[in-house]
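Work through these exercises with the model open. Each task is followed by a stepwise solution.

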Amino acid sequence: MDRAALAAYDKEAAAFAQDWHDQPAPVDLQDIVARFFIEGGATADIGCGSGREVAWLDANGFPAEGFDASEGLLSEARARHPKLRFIHTELPELRDIAASHFDNVLCETVIMHLDHALIAPSVRRMREILKPGGVLYLSWRVTAGADQRDAHGRLYAAFDAAEVRAALVGASSLLDEEVVSASSGKVIHRLVVRKSG
């Protein structure tokens, strides 16, 4: 992850966590997961933040683990959801996650915080940790023109969806849309793909 974005999440983890948990439930995301994810399948939330989606996944038939680069956010997740598993790891390496390990992978509005050169390798690695036939949900906040930083210093990389699609070559597209998120009110792009095999 971009170091300035990571520092912002670590420094203000409690405030970010409270903001996310105070937002309306992301029913649009939940509907997509219920429609496409493999029920009962082992599920990874990459960039899990304070664990909101991990808790929902685990309670709704998708046994889930959370992974994040921010120790501050992982502390928030563990405090809020002590019975669930949260692990420190970073994109694109995702160290200690074996290839073909998960039935479902969720990565909700994370890759826009990566340096542009790391986006495609990160997407390929998330596809790699899926079992054959597994499902990847991937979304990012859309930034037009040049990269931007917010008041906290978080990077919002500007990149074309075609770059992400190219990193998923060989996977079957199940959903490809650009929408306003019901949770955050921001424009996001969503892809759902099934790994071949």
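**Exercise 1.** What covers the buried residues of α4?

Solution. Note that this is a predicted model.
- Step 1: find the buried residues. In α4, residues 52-59, they are Arg-52, Glu-53, Val-54, Ala-55 and Leu-57.
- Step 2: list the cover. It includes two helices, α2 and α3 (27-36), along with the strands β1, β2 (64-68), β3 (85-88) and β4.
- Step 3: look just past the helix end. Gly-61 follows α4 and has a positive phi of about 95°.

**Exercise 2.** Classify how α1 and α2 are oriented to each other.

Solution.
- Step 1: take the geometry. α1 spans residues 3-11 and α2 spans residues 13-22. The helices pack at about 80°, and their axes lie 5 Å apart.
- Step 2: apply the cut-off. Angles of 65 to 115 degrees count as roughly perpendicular, so α1 and α2 are roughly perpendicular to each other.
- Step 3: identify the contact. α1 contributes Ala-8, Tyr-9, Asp-10 and Lys-11. α2 contributes Ala-13, Phe-16 and Trp-20.
- Step 4: sort by class. The contact of α1 with α2 has five nonpolar residues, two charged and no polar ones.

**Exercise 3.** Classify the packing of α2 against α5 and give the hand of the crossing.

Solution.
- Step 1: take the geometry. α5 covers residues 71-80 and packs with α2 at an angle of about 55°. Their axes are 9 Å apart.
- Step 2: assign the class. α2 and α5 are therefore oblique to each other.
- Step 3: assign the hand. The crossing of α2 past α5 is right-handed.
- Step 4: identify the contact. From α2 come Ala-13, Ala-14, Phe-16, Ala-17, Gln-18, Trp-20 and His-21. From α5 come Gly-72, Leu-73, Glu-76 and Arg-80.
- Step 5: sort by class. The contact of α2 with α5 has six nonpolar, three polar and two charged residues.

**Exercise 4.** Which residues touch the most other members of the largest nonpolar core?

Solution.
- Step 1: pick out the residues. The core has 30 residues, and Ile-46, Val-105, Ile-111, Met-126, Leu-138, Trp-140 and Val-164 touch the most other members.
- Step 2: trace the sources. Elements that each supply at least two core residues include α6 (116-128), β5 (130-141) and β9 (187-194). The largest share, four residues, is from β5.
- Step 3: zoom in on Ile-111. Beyond its neighbours within four places in sequence, Ile-111 is in contact with Ile-119, Val-123, Met-126, Leu-138, Ser-139, Trp-140, Phe-159 and Val-164.
- Step 4: check for another core. A second, separate core has 20 residues, among them Val-33, Cys-48, Leu-84 and Val-192.

Conventions
Residues numbered from 1 in each chain as written. Predicted model: local features only at pLDDT ≥ 70, side-chain atom pairs only at ≥ 80, totals over all residues. Heavy atoms only, no water. Core = buried A, V, L, I, M, F, W, Y, C linked by side-chain atoms within 4.5 Å. Buried < 20%, exposed > 50% of the residue type's maximum accessible area, 1.4 Å probe, protein only. Contact = heavy atoms within 4.5 Å. Axes fitted to C-alpha atoms, helices over the stretch in contact; angles between N-to-C directions. Parallel < 35°, antiparallel > 145°, perpendicular 65-115°, else oblique. Nonpolar A, V, L, I, M, F, W, Y, C, P; charged D, E, K, R; others polar. Left-handed = near helix turned anticlockwise from the far one by under 90°.
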